[in-house]
Amino acid sequence: MLNGFVFLASLAVAAANSVLMDASGSLNRQIPDVSTSGGVVAVVSSPDTPSFLGESSNELLAWDDTSNRLTCRGATFASAASTPERTSLGTTSLAANAIVLDGITEGDVEMDLRMSRHARTLTALMRARLAMDSPPKQTIILGVLGPVDEAVESVLTDEVQSLFEATAAEANKEAEFEEMYEVVVIPIQSQADASNIISVATDAAKASAQDSTLSQVLSAAQTQLREAGVASEALDTPHVAQAFLTCRQAYAKQARTARAKMVPWRSRVGRGLCVDGFGADADALRKRTLDGYDAESLASAGLPSVSEYRLEIRNQLQELVDGGIRELFEAQVSNLEKSTLKKFQAQLLRTTSSSEESAFDDSAAAMRTWAYNFDSTMSELEVSSLGLTKDKASREMSAKLNEVLTEFPDSPQAQLKRLKQVKKTTSKERKPTQRAVDLGLDLVAMIRPDGFGSLQGFAGYQLGGNSITVGIHNDADDPQVIAQFGGV
């Protein structure tokens, strides 16, 4: 007999295992004669999931003669738990002082433990203890195949408590989670971590150990289980966990459909355009998405803890859809504002070449036209169910149009346009408007007194097309002049 030894129940079993339960759920007659004075720890692992605690076994309940552990096979989603499977889990729950739940992956943590296969295992374990009167407190150790921080530990603890509350409500039991269970979350990423979790389980089991034998403990546990009728009832397929899964699947389906609908909208809005009939389509998408989720998860509404989770997931879905619609609405309002202001300024530039009075009338008319166009387009973008209306945007657009109209004459665009017009006008050559013939008389006289060219001057007068010019130059005695005129 092994006195004072702590026995661990684990799904990972070595070749020297002693099968304790047959395929029908009955205990075998030959059970190792070992003492449980040091406590019994049950380590339940997940089928087909890698583990540092040893190889997986297909036995319902076994004893590992090498590591002195009890081994139990956890539940899966592949099929509903059979009566022998419920019996093995229930027996493990009642016989063990501490339970190590192995095989919790990072994906299980991210997606919610309540919708994983471990929810089936935990629900079966809890149902057995809830059927007993004042059962001793038990330690549940969650072995996570990934990093564990305070946030992960808190989330997993809350999810285990949520499963307990749902199971207690199902059994119509008034029980406090803290009085029945203590939850410990430990990472298992190496062989050293595996040794650590076994050490923690050993210490926890010793605190509530009873001086008995393994055979007696298992027999008593199965007798209590049979009298309570928990294992024979078909409740052990945890519809609570299935309900959580149904809510999550409904969320994933509706979220995927909503995102797919928004993809072409985002593409069009990203190009600076607006979606035709956006408001009506967005209202219809929102209603269709939430109604679809409500219909698919309706069966979960009657379960106490699941109803709260169902509402939480619905709120997440609503935030996803509403957030996407609001983002698209605001983007389209921005696109429409930019487009309207740009076209309005272009029209103002075209009226700059008109007369001042005409330009003012044209500009005022253009402002009214573009304000009306903006308001009409905004009417198609309104999403009434979210309070996304045109009122504020239309008021702001009217103010912006008026501001552009007021500041436009002094704007660089307007000044440049006027400068180009002035330059074009001043540089343009005028063509004659009529042809005419003008007659004029020009008289020229030259007075050349005696002298050698020391004096020279001219005087002229013009009247209409007639003119007279008189010059004086005293060069009559200049030899060159005399020679020019044939003098001696």
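This report describes how helix α3 packs against helices α1 and α4 in a predicted model.

**Geometry of the two pairs**

| Helix pair | Axis separation | Crossing angle |
|---|---|---|
| α3 (residues 117–130) and α4 (residues 150–170) | within 9 Å | roughly 50° |
| α1 (residues 83–95) and α3 | 8 Å | about 60° |

**Helices α3 and α4**

The axes of α3 and α4 come within 9 Å and cross at roughly 50°. Because of this angle, α3 is oblique to α4. The crossing of these two helices is right-handed. On the α3 side, the contact is formed by A119, L122, T123, M126, R127 and L130; α4 contributes V160, L163, F164, T167, A168 and E170. By character, the residues of this contact comprise eight nonpolar, two polar and two charged.

**Helices α1 and α3**

Helix α1 packs against α3 at about 60°, with the axes 8 Å apart. An angle from 35 to 65 degrees counts as oblique, and α1 and α3 are therefore oblique to each other. Their crossing is right-handed. From α1, the residues L89, G90, S93 and L94 take part in the contact, and they meet T121, A124, L125, A128 and R129 of α3. The residues of this contact divide into five nonpolar, three polar and one charged.

**The two contacts of α3**

Helix α3 thus takes part in both contacts: residues including L122 and M126 face α4, while residues including A124 and L125 face α1.

Definitions and conventions:
Residues numbered from 1 in each chain as written. Predicted model: local features only at pLDDT ≥ 70, side-chain atom pairs only at ≥ 80, totals over all residues. Heavy atoms only, no water. Axes fitted to C-alpha atoms, helices over the stretch in contact; angles between N-to-C directions. Helix = DSSP H or I, 4+ residues; strand = E, 2+ residues; numbered from the N terminus. Parallel < 35°, antiparallel > 145°, perpendicular 65-115°, else oblique. Left-handed = near helix turned anticlockwise from the far one by under 90°. Contact = heavy atoms within 4.5 Å. Nonpolar A, V, L, I, M, F, W, Y, C, P; charged D, E, K, R; others polar.
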